[in-house]
Amino acid sequence: NECTQVMPAKSADVSTDKVPVVEVDADGEVITGFIVADNYFELYVNGKLVAIDNTPYTPFNSMIVKFKAKRPITYAFKVVDWDENLSLGTELMRGDPWYPGDAGLIARFSDGTVTDSSWKAQSFYIGPLNSPDEVVEKRGNIHDTTKLGRVHPVAKKPQCQDKCFAVHYPVPKDWASRSFDDSKWPRAYEYTDEDIGVTSLPAFTKYPELFEGARWIWSVNLVFDNVVIARKTVR
């Protein structure tokens with residue numbers, strides 16, 4: 001975390017002993033997790049809030065979480081790609097104030113759970129768009145924008161600037177609960193370090209062994225989907 005100047009040189013310098021344990025289930029097992037999100041996340045376990053990203057924009061940070069939970073364990077992340085032009089999905093990048101940013105989430109937990117395409121991931125805020133019609137509704141609750149390009153640099157940058165559109169879907173109130181039915185949601189998509197743009201991100205690249213086996217995930221569109229909920233139940 002560059003903001004707090006906590007920047008261990010390597011993972012061996014990282015101690016989890018002083019990380020507080022959030023009790024979700026009194027008779028559960030203690031699980032440690034390592035998380036990096038572009039840009040912001042909230043993590044719920046079995047319906048209880050366990051962690052909030054303490055650096056909601058940049059520079060990017062990595063986080064350690066610990067909690068006590070009983071199987072089956074439902075992990076539920078709300079992840080957000082912050083925008084500077086609110087509700088349009090654009091941000092300042094290299095002098096361009098209308099740049100459509102990108103996102104990403106990677107996590108690994110000591111119970112063996114890792115982020116990958118076995119998770120479900122649904123989008124709830126999509127932009128910037130030249131027209132709302134650029135979002136195509138498909139069977140299986142898919143909010144499809146693949147024709148716009150899914151990753152940089154192939155994604156089509158709209159020229160509408162402050163006249164761009166965005167599509168917002170209501171977020172279910174019980175999205176974090178164990179009982180929420182995500183069976184009709186699309187699967188998460190896996191992305192490479194190059195897709196996410198983290199090949200030179202110290203909060204991630206310094207500690208590769210902490211994320212071993214985990215993949216960067218997001219919904220179908222890394223560029224235009226700005227609020228995503230990702231879920232997985234581990235039995």
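These questions and answers deal with the two largest pockets of a predicted model.

Q: What makes Ser62 a lining residue of the largest pocket?
A: A lining residue has an atom within 4 Å of a pocket point. Ser62 is among the 28 residues that line the largest pocket, so it meets that cut-off. Asn1, Val6, Ser62, Met63 and Ile64 lie nearest the centre.

Q: What does the volume of the largest pocket stand for?
A: The value is about 630 Å³. A volume is the space filled by probe spheres set on the points, so this figure describes that space.

Q: Which element gives the most to the lining of the largest pocket?
A: β5 does, with five residues. β5 spans 62–69, and α2 spans 202–205; each supplies at least two lining residues.

Q: Why is Met63 counted as nonpolar?
A: Met is on the nonpolar list, so Met63 counts there. By class, the lining of the largest pocket has 18 nonpolar, six polar and four charged residues.

Q: What is the volume of the second largest pocket?
A: The second largest pocket has about 390 Å³. Its lining has 20 residues, and Asp38, Phe60, Glu91, Met93 and Asp102 are the closest to its centre.

Q: Why are Asp38, Glu91 and Asp102 called charged?
A: Asp and Glu count as charged, so these three lining residues do too. The lining of the second largest pocket divides into 10 nonpolar, five polar and five charged.

Q: Which element supplies the largest share of the lining of the second largest pocket?
A: β7 supplies it, with three residues. β2 (29–38) and β7 (91–93) each give at least two.

Conventions:
Residues numbered from 1 in each chain as written. Predicted model: local features only at pLDDT ≥ 70, side-chain atom pairs only at ≥ 80, totals over all residues. Heavy atoms only, no water. 1 Å grid on protein atoms, 1.4 Å probe; cavity = no way out; pocket = protein on both sides within 12 Å on 5 of 7 lines; lining within 4 Å. Helix = DSSP H or I, 4+ residues; strand = E, 2+ residues; numbered from the N terminus.
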